[in-house]
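This briefing is meant to be read beside the sequence and the 3D view. It begins with the contact between the two parts of the chain and then turns to the ligand, the salt bridges and the backbone.

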Amino acid sequence: MNIGNKAWRSIWLGEDGCSVGVIDQRKLPHVFKTKTLRTWQDAADAIKSMVVRGAPLIGVTGAYGLMLALQSDATDKALNIAIKNLMATRPTAVNLRWALERMRKAVFLLPQSERAEAAKREVGLIVAEDVACCDAIGTYGLSILQKLAEDKCLKGEDLPIQILTHCNAGWLATVDWGTALAPIYKAFRKGVNLHVWVDETRPRNQGASLTSYELGCEGIPHTVIVDNAGGYLMQNNQVDLVLVGTDRTTKTGDVCNKIGTYLKALAAYDNNIPFYVALPISTIDWSIKEGLAEIPIEIRSENEVKQIPGRLLSLNGGVDIASVKLVPDFAKTFNPAFDITPARLVTAFITDKGILAATEEGLEAIYSCS
Ligand code: MRU
């Protein structure tokens, strides 16, 4: 997608053919910086410190991390150490496990001398597939948004369709296009009259900083709201559809996504508003059924709740980023990063294989899709 006049991806193979470039997402939207990863430890740090984030991108970064590991040491021991450490970086998004297992399968039977090249080939395939999946999610989701716009028109309402999204499930969370934002990009390019409500998404504010940045770069009309405003908007007919991504979805359709997603799903259900979840099939964890019981929820640092970073309003127009404290010194805080939305609250899944019912049978239909 575009930043200024230049097309970017969130991650790429360096020009030297052996390092990896990423956009450092921590200071966006105020500072645009890229970072070079040269070792698997760099990749692990980038995931852990959220230089890169978003389930599909975490998976791709893990895969690149393994490529980097094998370039310097292709023994079984080095392979296993890198996999173990990369896997431990963030626990919730299943794409990381999926990508690392796929990479292991692609290399472990090969002689050591061939492993690094094979890893590079495999990560190239994963990257290409991620882009193609998000593109397909965009196309399937487009049909839903077009239909909504037509229905609105038929009712004589010459108004934009109103979409509410949570966190960032755009191209910065994937390699390109995004999951939940891909249909929005495609619809906007097709001329669908739309507007996006962007949840700020405390505590790390991926909505306010990343989703707003992405949408703005593409010229898409949007408004950032505090996380608590969604219910009010829904009660006042200001939301036609909720569209979010997911970090892990069980085989029965329970959705694990950024903390606060569940509350939006409840409010949507209460107001009879469709709640769609967009995902590539690599985000489905076929080994589990019960989201609440079986998905490990990442508990992040208390500091993310206690403090808030932002750009200082300086008179000289400089870009100074600082954190300020929000709570009294004695305050304890708690910071679960994800929650579970039960399948019963999900209208349907928008996947790269089509639009699927939020049930075990619905998801299994993937196997019969071409
Ligand atoms: O903690 P993050 O920023 O890695 O979490 C990402 C999300 O939860 C997003 O909502 C997203 O939908 C999943 S990735 C497309």
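How many residue pairs are in polar contact across the interface of domain 1 and domain 2? In this predicted model, 15 residue pairs are found in polar contact across that interface, with both residues of each pair at pLDDT 80 or more. The two domains are those of the domain assignment of the protein chain, which gives residues 2-128 as domain 1 and residues 133-368 as domain 2.

**The interface between the domains**

- The C-alpha centres of domain 1 and domain 2 are 24 Å apart, and the contact between them draws on 33 residues from domain 1 and 37 residues from domain 2.
- The size of an interface is often expressed as the accessible area that is lost when the parts come together. For domain 1 and domain 2 the buried area is about 2,900 Å², and carbon and sulfur atoms account for 56% of it.
- On the side of domain 1, His30, Arg53 and Thr92 together supply 21% of the area buried against domain 2, which is more than any other three residues supply.
- Three salt bridges are counted between domain 1 and domain 2. By the domain bounds, Arg97 belongs to domain 1 and Asp285 to domain 2, and the side chains of these two residues meet in a salt bridge with an N to O distance of 3.0 Å.

**The side of domain 1 that touches domain 2**

- Across the interface with its 15 residue pairs in polar contact, strand 1 (2-3), helix 2 (55-72) and helix 4 (95-107) each supply at least two residues of the side of domain 1 that touches domain 2.
- Helix 2 gives the largest share of this side, namely four residues.
- Sorted by class, the side of domain 1 that touches domain 2 consists of 18 nonpolar, eight polar and seven charged residues.

**The ligand and its surroundings**

- There are 18 residues around the ligand, and those that come nearest are Arg53, Gly54, Arg90, Asp247 and Lys258. Arg53 is also one of the three residues named above for their share of the area that domain 1 buries against domain 2.
- Gly54 approaches the ligand through its backbone, where an N or O atom lies 2.9 Å from an oxygen atom of the ligand.
- Lys258 and Asn257 approach through their side chains: an N or O atom in the side chain of Lys258 is 2.6 Å from an oxygen atom of the ligand, and for the side chain of Asn257 the corresponding distance is 2.9 Å.

**Salt bridges in the whole structure**

- The structure as a whole holds 20 salt bridges, and one of them joins the side chains of Glu122 and Arg102 at 2.7 Å, N to O.
- This pair links distant parts of the chain, with Glu122 in helix 5 (residues 112-154) and Arg102 in helix 4, 20 residues apart.

**Backbone features in loops**

- The peptide bond from Leu28 to Pro29 is cis, with omega near 5 degrees, and Pro29 sits in the loop between strand 4 (20-23) and strand 5 (34-37).
- A cis peptide bond also runs from Arg202 to Pro203, with omega near 5 degrees, and Pro203 is placed in the loop between strand 7 (194-199) and helix 7 (206-217).
- Trp177, although not a glycine, has a positive phi of about 70 degrees, and this residue lies in the loop between strand 6 (161-165) and helix 6 (181-189).

Note on methods: Residues are numbered from 1 along each chain as its sequence is written. Side-chain values use heavy atoms; hydrogens and water are left out. Domain bounds come from an automatic or database domain assignment. Contact means heavy atoms within 4.5 Å. Buried area is the accessible area (1.4 Å probe) that two parts lose on being put together, summed over both. A salt bridge is a side-chain nitrogen of Lys or Arg within 4 Å of a carboxyl oxygen of Asp or Glu. A polar contact is a pair of N or O atoms within 3.5 Å; within protein, one must be able to donate a hydrogen and the other to accept it, and residues adjacent in sequence count only if both atoms are side-chain atoms. Ala, Val, Leu, Ile, Met, Phe, Trp, Tyr, Cys and Pro count as nonpolar, Asp, Glu, Lys and Arg as charged, and the others, Gly among them, as polar. A residue is near a molecule or strand if one of its heavy atoms lies within 4 Å of it.
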